[in-house]
Amino acid sequence: MISDLLFVYGTLMRGFDHPMAKLLSANADFLGAAQCRGRLYLVKHYPGLVKSDGAADVVHGELFRLRGPEVMLREFDMYEACGEGFAPPTEYIREMLPVTLADGSVGEAWTYIYNWPVRDLPLIESGRFLEH
């Protein structure tokens, strides 16, 4: 069965005045603030998450439960320009990652991992896109 959990850390978060953020909030239930291991880079006007094993490398975001996950994930794959029909290496790839909710519970959720080199990109030290 396809997971219906989606972890977002950038332009899809609540409070963002973006059509895809509105699409997400209209078709998913907000479960709470969450975090995962990783480093957050500022790509352009949006962030990219890169996986990390460092305990200090934490990216903050939000966890949603999608209603109709297959349809919604296809929409977000298109928005992130990954999945079917996009030539590799795509800028993002969708993967399952462990995420931790504020209450300490851990689960696995889909998220979009940045898939291009980050050497020249600024690191968002706080791991919080909305604070940068």
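In this predicted model, the second largest pocket is lined by 14 residues, and those nearest its centre are Ala33, Ala34, His60, Gly61 and Arg128. Three strands, β2 (28-37), β5 (58-66) and β6 (92-101), each give two or more residues to this lining. The space inside comes to about 220 Å³, and the lining residues sort into seven nonpolar, four polar and three charged.

The largest pocket has a volume of about 270 Å³. Its lining consists of 17 residues, with Thr11, Tyr46, Tyr79, Glu80 and Tyr92 lying nearest the centre. Here the elements that contribute two or more residues are β1 (5-8) and β7 (106-114). By class, ten of the lining residues are nonpolar, five are polar and two are charged.

The strands that line these pockets can also be followed through their pairing. Strand β2 runs antiparallel to β5 over nine bridges, and within β5 it is Arg65 that stands opposite Asp29. On β6, β2 has another antiparallel partner, this time over two bridges; there Gln35 has Thr100 as its bridge partner. Strand β6 in turn is joined to β7 by nine bridges, again in the antiparallel sense, with Met96 of β6 partnered by Trp110 of β7. Four residues separate the two strands in this hairpin, where Gly104 adopts a positive phi near 95°.

Eight salt bridges are found in the structure. One of them involves Arg65, whose closest approach to Asp4, N to O, is 3.1 Å. Because Arg65 belongs to strand β5 and Asp4 to the segment before β1, this contact ties together parts that are 61 residues apart in sequence. The two partners differ in their surroundings: Arg65 is partly exposed at 37% relative accessibility, while Asp4 is buried at 17%, which falls under the 20% cut-off.

Strand β6 takes part in two further salt bridges, through Glu95 and Arg94. Glu95 meets Lys51 at an N to O distance of 2.6 Å. Since Lys51 sits in the loop between β4 (47-50) and β5, and Glu95 in β6, the pair connects parts 44 residues apart in sequence. Both side chains are partly exposed, Lys51 with a relative accessible area of 45% and Glu95 with one of 22%. Arg94, for its part, meets Asp77 at 2.8 Å, N to O. That pair links strand β6 to helix α2 (residues 69-79) across 17 residues. Asp77 is buried, at 12% relative accessibility, whereas Arg94 is partly exposed, at 22%.

How values were computed: Residues are numbered from 1 along each chain as its sequence is written. This is a predicted model: local features need pLDDT of at least 70, side-chain atom pairs count only at pLDDT 80 or more; totals for chains, interfaces and linings use all residues. Side-chain values use heavy atoms; hydrogens and water are left out. On a 1 Å grid over the protein atoms alone, a cavity is a set of points where a 1.4 Å probe fits but cannot get out, and a pocket is an open set with protein on both sides within 12 Å along at least five of seven lines; lining residues have an atom within 4 Å of a point. Grid points are joined across faces, edges and corners, and a volume is the space filled by probe spheres set on the points. Ala, Val, Leu, Ile, Met, Phe, Trp, Tyr, Cys and Pro count as nonpolar, Asp, Glu, Lys and Arg as charged, and the others, Gly among them, as polar. Two strands pair if DSSP finds at least two bridges between them. A salt bridge is a side-chain nitrogen of Lys or Arg within 4 Å of a carboxyl oxygen of Asp or Glu. Buried means under 20% relative accessible area, exposed over 50%, partly exposed in between (1.4 Å probe, protein chains only).
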